[in-house]
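Hi everyone, thanks for making time today. I'd like to walk you through how the pieces of this fold are put together, so please have the picture open as we go.

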Amino acid sequence: MDIKAQQTKLANNFGKLLRDKFGKGPEVIHVTISQPYVLVYISGFISPMEQALLEQGQELTVLTTREYLMKSLDPEIRGQVKALTDMGIQHIYYDWNLKNLSGVFVAISPDSPDEGKDSRADYKGRDEIHKEIIRISEQAEKAPDSVYSYMLSSRSMIVFREGILVPIEKKLISLGFDETLRVAKRQLEGGMLNGSTQFSAILDSKIQDVFVDWDFEIDKSVITLILKPNKA
């Protein structure tokens, strides 16, 4: 099965998975396989119950519920990717944009290339993108120990940050408040990332969506930018 067929099959499988778990599937799922990454962009996704909660101003309830549901979906997502691509997944990052009714999963296998050894890391505006990510990180917590990124396609890129947690965050995680911290950071840092006008100018693309997630155990974060290239 070629990559396009794998992408189509995964999109269909993930659509059914979300429909079974949430009661309603997304309108569109776009899968990008760019080993060792699998990026899944979802749009038009909200269940009737979630819609009712949002109308009552219960955004935090919706986000918190999705955190726990995604934990239960994690093994199934890994299994689907493994079965179709033979990629063993080390971690799955995910995030939601309730305003846009969209979301993203970024599945990463253990054999991630080292920085500087991957042609996808060499794109126009990379240094400026990293500077903007560092600026936002400093406002939200602290400057990362390292930043690197990859342009997976003309419509998607991922940015990794390592070493961004401050002592109070590490303490909250050790006390078991990791999910509460994750929801709070999504609102704070996600808002800053979505509010930046620099990404669009640097990449000469409309920024359709920005997502962010963290692996607290290894103090690592993945930011996903969904692009809509400007026409010449």
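Let me start with one bit of vocabulary for later: angles under 35 degrees count as roughly parallel, over 145 as roughly antiparallel, 65 to 115 as roughly perpendicular, and the rest as oblique. Please also keep in mind that this is a predicted model.

So, where do we put that vocabulary to work? Take helix α3, residues 59-85, and helix α6, residues 178-195: they pack at an angle of about 125 degrees, with their axes 10 Å apart. That is why α3 and α6 are oblique to each other. The crossing in which α3 passes α6 is right-handed.

Which residues make that contact? On the α3 side we have Glu59, Leu60, Leu63, Thr64, Glu67, Tyr68 and Lys71. On the α6 side there are Glu179, Arg182, Val183, Arg186 and Gln187. If you sort the residues of this contact of α3 with α6 by character, you get 4 nonpolar, 2 polar and 6 charged.

Now let's look at the sheets, beginning with the one that α3 lies on. Four strands form an open sheet here, in the order β1-β2-β4-β3, and the pairing is antiparallel. Its edge strands are β1 and β3, the latter covering 91-97, and each of them pairs on one side only. On average, neighbouring strands in this sheet are turned by 10 degrees against each other, ignoring direction.

Helix α1, residues 3-22, packs on this sheet and touches β1, β2 and β4. The direction of α1 makes about 135 degrees with that of β1. Helix α3, for its part, lies across β1, β2, β3 and β4, and runs at about 130 degrees to β3.

Let's zoom in on β2, residues 37-43. Is β2 mostly covered or mostly open? Mostly covered: 6 of its 7 residues are buried. On one side, 7 bridges join β2 to the antiparallel strand β1, residues 28-34. A hairpin makes the connection from β1 to β2, through 2 residues. If you want to find the register on your screen, look for Ile29 opposite Ile42 in β2, and for Val28 opposite Ser43 in β2.

Strand β2 also pairs with β4, residues 102-108, again antiparallel and through 7 bridges. There, Tyr37 stands opposite Ile108 in β4. As a general reminder while you look at these strands, side chains in a regular strand alternate between the two faces of the sheet.

On to the other sheet. This is an open sheet of 4 strands in the order β5-β6-β8-β7, with antiparallel pairing. Strands β5 (146-153) and β7 (205-215) are at the edges with a single partner strand each, so one side of each has no neighbour in the sheet. Here neighbouring strands are turned by 15 degrees against each other on average, direction ignored.

How many bridges join β7 to β8? There are 10, between β7 and β8 (residues 220-229), and the two run antiparallel. One pair to look for is Phe211, whose bridge partner in β8 is Thr224.

This sheet has helices on it as well. Helix α4, residues 126-140, lies across β5, β6 (156-162) and β8, at about 125 degrees to β5. And our earlier friend α6 lies across β6, β7 and β8, running at about 155 degrees to β7.

To tie it together: α3 lies across the strands β1 to β4, α6 lies across β6, β7 and β8, and these two helices pack against each other. Thanks for listening!

Notes: Residues are numbered from 1 along each chain as its sequence is written. This is a predicted model: local features need pLDDT of at least 70, side-chain atom pairs count only at pLDDT 80 or more; totals for chains, interfaces and linings use all residues. Side-chain values use heavy atoms; hydrogens and water are left out. Buried means under 20% relative accessible area, exposed over 50%, partly exposed in between (1.4 Å probe, protein chains only). Two strands pair if DSSP finds at least two bridges between them. Axes are lines fitted to C-alpha atoms, for helices over the stretch in contact, and angles run from 0 to 180 degrees between N-to-C directions. A crossing is left-handed if the near helix is turned anticlockwise from the far one by less than a right angle, and right-handed if clockwise. Contact means heavy atoms within 4.5 Å. Ala, Val, Leu, Ile, Met, Phe, Trp, Tyr, Cys and Pro count as nonpolar, Asp, Glu, Lys and Arg as charged, and the others, Gly among them, as polar.
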